[in-house]
Structure formats: C-alpha cells, structure tokens
Amino acid sequence: MSALLEKHIIELLQERNEKAISLLYENYSDTLYGVAYKVVKDDALAQDVLQESFIKIWKKSETYDPTKAKLFTWLFRITRNTAIDKLRSGKSKQEKEIQMDVSDVYKVGVDGVNPDFIDMRENLLKIDYKYQIVLEALFFEGMTQQEASEELDIPLGTIKSRLKIGLREMRKIYIEPMLIFWIIATILL
Amino acid sequence: MMQEKIKLFLDTDLLEKYLLGTTTKLEAHQVERYIAMYPEVRKTYNELQENLEAFANSYAIKSPEGLKASILSKIKAQNTTKRKFMNYAVAASIAAVLFASATYFFYHQNLSLQEENSVVTNQIKLLEEDMKQRLEDVRNQFIVLNNPKTKKYTVMGNDKAKDLKAIAYVNPVKKLSYINVQNLPQLEEDQCLQMWAEVNGEMINLGVINEAGNKDNLLAMPYAKNAVGYITIEPKGGNETPTVDNIVANIAF
C-alpha cells in the first residue's frame, strides 16, 4: 500500500466520499476477507463479516485518527473484532443447531485462496509453527495472552516472547525482502 | 533510568494489545503517552503495525465477486435513509415551530379573553349592584308614596319662573321627603336651577336640576322638622351658596 494512496483514501473517508469505500475494497478486501475467514472459518460468515466491517468502517470513518494508527491497523481492528463478535454470537446459536462440519468449510476456504498469495502462505509456513500458533491464537482466536497461555499450555512469559519474535520473523520473511527489492529496483532505475 | 522504564514498558504486552485494539481506555491512554514521549516506543509501534499488515496479508484470500457492489449499494441506501431522515427531521422541525407559534397565539388569545371575561363579569356585578340600589330606591319611594301619612305638596314658581312646577312628598312619620320636578322654566344659556334645603338654619346643597334626566325621578331630600326647601336660579354648574335674590320657589313642610 503506497503511502500516497493511503493518504488519498483517508482524505476521501474524512470527506465522507463513497469512493473511499470503493478504493478500500480494491486495496484491502482480500486481506480483510482472509482475516475474517481465518477467524470464523466459514465462507458465508466471512462474507457477512466483511460486509458488516465495511459498513462499520464507513460509519466510523469520522472517528479514525491517522496519528494514532495506520489505516490498515484500524481496518484490521474493526474486521477482527467484527469477526470475533460474529463467531461468539454464532457459537451460541450453533449450540442449539447441528454441529458444523469443519473439514468441509475448510476445503471451501482452500479453494478460495488467491494464487497471488500462495507464495505468502509458503512464507508463513517458514515461520516456526510455535510462533504461528501463538500469533493465530492472539490475532484470530480473540484470545488474551492469559487465555492463550492456558489454552496452549505455554507459560505466559513464553507467549509474550513468541508473539514478539513471531512478528519480527514475519518482518524478516515478508517486509525486509520487499525493502531490499525496492532498494535494488530504485538503484537500478 | 528512562531506558529501563521504556524496556519495562516494551516487555509488557500493552503495545501489542493496543495494536489489536483490545486495551482498556486507561491502558490505551498510557500507551498513547509512551508513543508520544519515547521515539523508541514509537518506532516499535510502527514496526508492529507493519508486521501486523504483513502477517495479515499472508492470510489474504480473494474476496468474493459481487460483494463490493453489495457493500456500496448498502452504503448508498444508508446515506439516502439518512437524507430521508433529514427531510423528515426538517419537516418535523417546521411542524414543531408552527405548533409552537399556534400555541403561543392561542395562549395569548386565551389570556386576553380571560381579561375581557373578568372585565365583563365586573361590569355585570356593577350593573347588578346599581340595579339593586335603584330597586331599593324605588321600593323606598313606593313605601313613602303609598303611606297614608304622606302629604303631597304642589310647588309653583314665582314671577321669576312662572313655568316651574314641582311636586313634593313628605312623610313626617318615616322622616322621608322627595321632590319631583315636573316642568322647568325657560332659562338663559348660562343658568341652571339648583335645589337647597334649610335644615336647622344651615343651607344644604341638594344639587342642580337637570332639564333632561330629572323629570321622572324623585329627588330624595334630607328630612328635618321645619325644614324649608328652595329652588334658585344659579350660574351654570351650580353655586356653593344660594343666591337669595334668585329664589323662584320655596317649599315649606
């Protein structure tokens, strides 16, 4: 996401221009849909979450403060929390209904994977599983560090350090190669 | 010391919780203060944000076709309902203003009607009292006139007022007397007739006889033994003491 485009979208949001939503969808919907899907693990639910999140983003656009968070951080918070809420309200409903077939839902999700991101998925696999499981618990399962510690049977201190290291590892795999690529590209051009 | 404080802060999971938006208000406030004060914290927070984006990107899935159009139409619909709501709000405001001014108008009308009502009520009361008074007068007059002891005197004017004709009724038992002026003499423009009574040597002013109103009225006179009534010609508007030269009639009871 170029800083210039991000700035432009923020301006449109603050002007309450509907074009902002269009641009946000074009640039962020795949990632946010991935986040929603990762949390709810269901196609239809993830679509609902994405739709509700975008409507919340539009409604709350006046409350967004660019000095406090990057645009993506804000979008991520809204989508993640909408998805976790959906999952919680859905879970209470599901308890009365038939248990969903998790493996089935998962397959649909795999079919929906964008080939553009398959490389990234492979990159993710390069992070040690022990970091990945902590990041997913905290970021997608809506667990607190305390809950993750209990759920995964890992001491709280270890959860904290794995979160920090895991995020740093992500940086090494994803952002730094990109930076080097851009630096080389800039020098060459 | 400061480095230690920053390290301690970074060792907590506050910054990560803030990143996900799961801090309490108090915690968020603390984190924002650290970010504002310490460049190291700010740098870490910015890195965390970039890492989060990278991490989330690694889970990206092609978003479903058609969802964008659905979201945009929902947002447009919301905006129109908002606009519709605004229209209704404007209409409601206008109605409210109209209602308020109508209320104000009727309130004032009501006030002035109430005022008018109290004036009318007072007038009716006054009229009633006046009527009662008059009826009482008439009753008293009737009692006097009807009493067998009442004597009737005809009063005629002297040479100065030949046309003057009055009738006096006196009842010594009830100690009441009345005079009824029947006919007035022709007077100069600036003259009038005034009635007096001499009671125990004192002249009492009984008032000016008006040409129009007094013909059908009985004028009450103070009663005293050996009282003498006089009618004099006086300057228009009446006099304080009778002009003896202008006596046109006297009534001795």
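**View 1. The hairpin of E4(B) and E5(B) in the predicted model.** Two residues lie between the strands of this hairpin, and B:Asn200 takes a positive phi near 50°. The hairpin joins strand E4 (residues 191–199) of chain B to strand E5 (residues 202–209) of chain B, and these strands pair in the antiparallel sense over seven bridges. Among the residues that can be located in this pairing is B:Gln194, whose bridge partner in E5(B) is B:Val208.

**View 2. The surroundings of B:Glu234 in strand E7 of chain B.** Strand E7 of chain B spans residues 228–235 and includes B:Glu234. Is B:Glu234 buried or exposed? B:Glu234 is buried, because 20 other C-beta atoms lie within 10 Å, and a count of 20 or more is what burial requires. Once its neighbours within four places in sequence are left aside, B:Glu234 is in contact with B:Cys192, B:Gln194, B:Asn239, B:Thr243 and B:Asn246. B:Gln194 thus appears here as a contact of B:Glu234 and in View 1 as the bridge partner of B:Val208. B:Val208 itself is 26 residues from B:Glu234 along the chain, and the C-alpha atoms of the two are separated by 8.9 Å.

**View 3. The open sheet E1-E2-E3-E6 of chain B.** Four strands form this open sheet, with antiparallel pairing. Its edge strands are strand E1 (151–156) and strand E6 (219–221) of chain B, each of which pairs on one side only. From one strand to the next, the twist averages 25°. Within the sheet, strand E2 (residues 165–171) of chain B and strand E3 (residues 176–183) of chain B are paired in the antiparallel sense over seven bridges. B:Ala166 has B:Val181 as its bridge partner in E3(B).

**View 4. Chain B as a whole, for orientation.** Chain B contains five helices and eight strands. Read from the N terminus on, its elements run α-α-α-α-α-β-β-β-β-β-β-β-β. Of the 253 residues of the chain, 21% count as buried; B:Glu234, shown in View 2, is one of the buried residues. Among contacts in chain B with a separation of 6 or more, 53% are between residues 24 or more positions apart.

**View 5. The side of chain B that touches chain A.** Here 32 residues of chain B are in contact with 45 residues of chain A. On the chain B side, two or more residues each come from helix H2 (14–20), helix H4 (39–57) and helix H5 (67–146) of chain B. H4(B) gives the most, with eleven residues. By class, this side of chain B has 15 nonpolar, seven polar and ten charged residues.

**View 6. The packing of helices H2 and H3 of chain A.** The axes of helix H2 (residues 19–40) of chain A and helix H3 (residues 43–60) of chain A come within 9 Å and cross at roughly 135°. H2(A) is therefore oblique to H3(A), and the crossing is right-handed. H2(A) contributes A:Ile21, A:Leu24, A:Tyr25, A:Ser29, A:Leu32, A:Tyr33, A:Ala36, A:Tyr37 and A:Val40 to the contact, while H3(A) contributes A:Leu45, A:Ala46, A:Val49, A:Leu50, A:Ser53, A:Phe54, A:Ile57 and A:Trp58. By class, the contact has 15 nonpolar, two polar and no charged residues.

Conventions
Residues numbered from 1 in each chain as written. Chains lettered and ligands numbered in written order. Predicted model: local features only at pLDDT ≥ 70, side-chain atom pairs only at ≥ 80, totals over all residues. Axes fitted to C-alpha atoms, helices over the stretch in contact; angles between N-to-C directions. Parallel < 35°, antiparallel > 145°, perpendicular 65-115°, else oblique. Left-handed = near helix turned anticlockwise from the far one by under 90°. Contact = placed C-beta atoms within 7 Å. Nonpolar A, V, L, I, M, F, W, Y, C, P; charged D, E, K, R; others polar. Pairing = 2+ DSSP bridges. Buried ≥ 20, exposed ≤ 12 C-beta atoms within 10 Å, placed from the backbone.
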